[in-house]
Amino acid sequence: PEHSQGTPSSLAHQEKMHRRTCSRVTLAALAAVCLVAQSDAFRAPLPLSSGRMRSGAAIEMKSSSNPPPSLPELLQRAVKALAPPIIGACLAVGMPLAAPAELSAEQKLVAQAWTTVDASYVDRTFNNQNWMGIRQKLVKAEYASREEAYQAISEELLKPLGDTYTRFITPLKYETLRKSIVDGGSGQDISGIGVTLSVDKASGKVKVVDVVEGGPAALAGLKRGSLFNEVNKVKAFVSKDAPTTAEEVAALVRGPTGTAVEVKMQDGGSEVVLSMQRAKVNVKPVTSGVNGKTGYVKIKQFDTSTPGLVKTALAANAAAGANCNVVDLRDNAGGYFRSGVDTAALFLPTGKQLVYVVNKDGVQDSFATTVDGVDITNPLFVLVNANTASASEIMTGALKDQGRGRIVGEKTFGKGVVQTVTPLADGSGIATTIARYETPNHVDINKKGIDVEADATAPMCPDPYPNL
């Protein structure tokens, strides 16, 4: 059966309703069998007598010479009469009349992938696709190998959704990502290579936007602008339609301190392979300073320490005489959602809306300021570019909609969605977009970005920003 386009309906729920409906029809039919078996409807014909009917008298009848039918005969007649409507009702609601053939391992995997997305995908129109029809087609298909099933999941199940962030993850990549997260969460000594990453819109690949001086990447010769093709034999790029995120590549390069990591990079028109050892790198998420009356704060990434560091920087700049601030979010690919929210709150008075989070049910998580920020009056300029994304855009959107800051530079990247990664039975996984962000004015920035009010050459604070 196919539900109408745009109607949220999971397969499990539909099958449950199918069984319930068919069961009710069957029970009603059996009840009818019992009733008619006791009625005259299924007894032998009882002919009228040849006597005449008199006024006020009952019709005179005489008993037939035929014996009454037995109970088995009555049931046979009832079943013959009621079987067609029962079968028709079951077919109408999609209830199979026979047990389905056993699915192959590949068909089960495809079905599981479909169910995973169906359960929580944010767009309940599924990009106006015949979502149930896609499931029926792919589960019925024959797959010669597991790779064919993977291809079907990527190209025929997920690609029609038109969402590059809802994607298939191979077993090797999934295990690498899982291990990076588990090891880091268990307190193991996890290190990186000293790079800041973003997504290159032109190619869809993850690129290096900054290299920490003295870190493993810098010592190995990794350059800004280089694109990731592989990390330790794990593909960092499959296609532009299903790109790997900057967060995924960051997880791939992280690992125990002192262990080796090999990266295959695209540098201009050539491909280079670089080897390095992971090490502790002091990446400062926030740097700041003052030039005359201009205070500036450069935010490279949003981690748990960012709001506190920005708060400290603003206080230091004010103490040094700054009365105008430039917040530089260029090449900041994001990080922790809540960090972006809390950093934006530093510039706003209490009671101001920051962001909405909308899931598949339309339920909104609303974030607003609860106290006055540390600087709610001084002029503010927010510097952004095409690599400003995710948590950086949450902050930018909040300040723009509240009229608190002037947005300058280039249009931002346009990533305003949240994903969760779910494992499949064979060790692969599905990344599913489960929610989207909306600015205080309920603007959906995903795939659109945030427009600037002036380019980076426009006048900002009285004294120039030295890192422009």
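**Entry 1: the cysteine pair**

I began with the accessibility of Cys 324 and Cys 461 in this predicted model, and I found that both residues are buried. I then looked at their sulfur atoms, which are 1.9 Å apart, and noted that a disulfide joins Cys 324 to Cys 461. I took 2.5 Å as the cut-off for such a pair, and by this rule I count one disulfide. For the handedness I read the angle about the S-S bond, which is -80 degrees, and I therefore entered the link of Cys 324 and Cys 461 as left-handed. I also looked up where the two residues sit: Cys 324 belongs to strand E12 (residues 324–328) and Cys 461 to the segment after strand E18 (429–438), so the pair ties together parts that lie 137 residues apart in sequence.

**Entry 2: the sheet that holds E12**

Following E12, I came to an open sheet of five strands with mixed pairing, and I wrote down its order as E10-E11-E12-E15-E16. At the edges I found strand E10 (286–291) and strand E16 (406–409), each with a single partner strand, so that one side of each is left without a neighbour in the sheet. Direction ignored, I read an average turn of 20 degrees between neighbouring strands of this sheet.

I next went through the pairing of E12 with strand E15 (residues 380–384), where the two run parallel and four bridges join them. In this pairing I noted Leu 380 of E15 as the bridge partner of Asn 325. I then searched for what packs on the sheet and found helix H9 (residues 306–319), which touches E10, strand E11 (294–299) and E12, and whose direction makes about 165 degrees with that of E11.

**Entry 3: the nonpolar cores**

I turned to the largest nonpolar core, which has 31 residues, and I listed those with the most contacts inside it, including Ile 193, Val 195, Leu 197 and Phe 228. Among the elements that each supply at least two residues of this core I noted helix H6 (171–185), strand E3 (195–199), strand E4 (206–211) and strand E8 (260–267). Helix H8 gives the most to this core, and I entered five residues for H8.

I looked up Ile 193 separately and, leaving aside its neighbours within four places in sequence, found it in contact with Gly 215, Pro 216, Ala 217, Leu 222, Val 253, Val 261, Met 276 and Val 281. Apart from this core I recorded another, of 30 residues, among them Val 297, Leu 329, Ala 391 and Tyr 437.

Key: Residues are numbered from 1 along each chain as its sequence is written. This is a predicted model: local features need pLDDT of at least 70, side-chain atom pairs count only at pLDDT 80 or more; totals for chains, interfaces and linings use all residues. Side-chain values use heavy atoms; hydrogens and water are left out. Buried means under 20% relative accessible area, exposed over 50%, partly exposed in between (1.4 Å probe, protein chains only). Two strands pair if DSSP finds at least two bridges between them. Axes are lines fitted to C-alpha atoms, for helices over the stretch in contact, and angles run from 0 to 180 degrees between N-to-C directions. Contact means heavy atoms within 4.5 Å. A nonpolar core is a set of buried Ala, Val, Leu, Ile, Met, Phe, Trp, Tyr and Cys residues joined through side-chain atoms within 4.5 Å.
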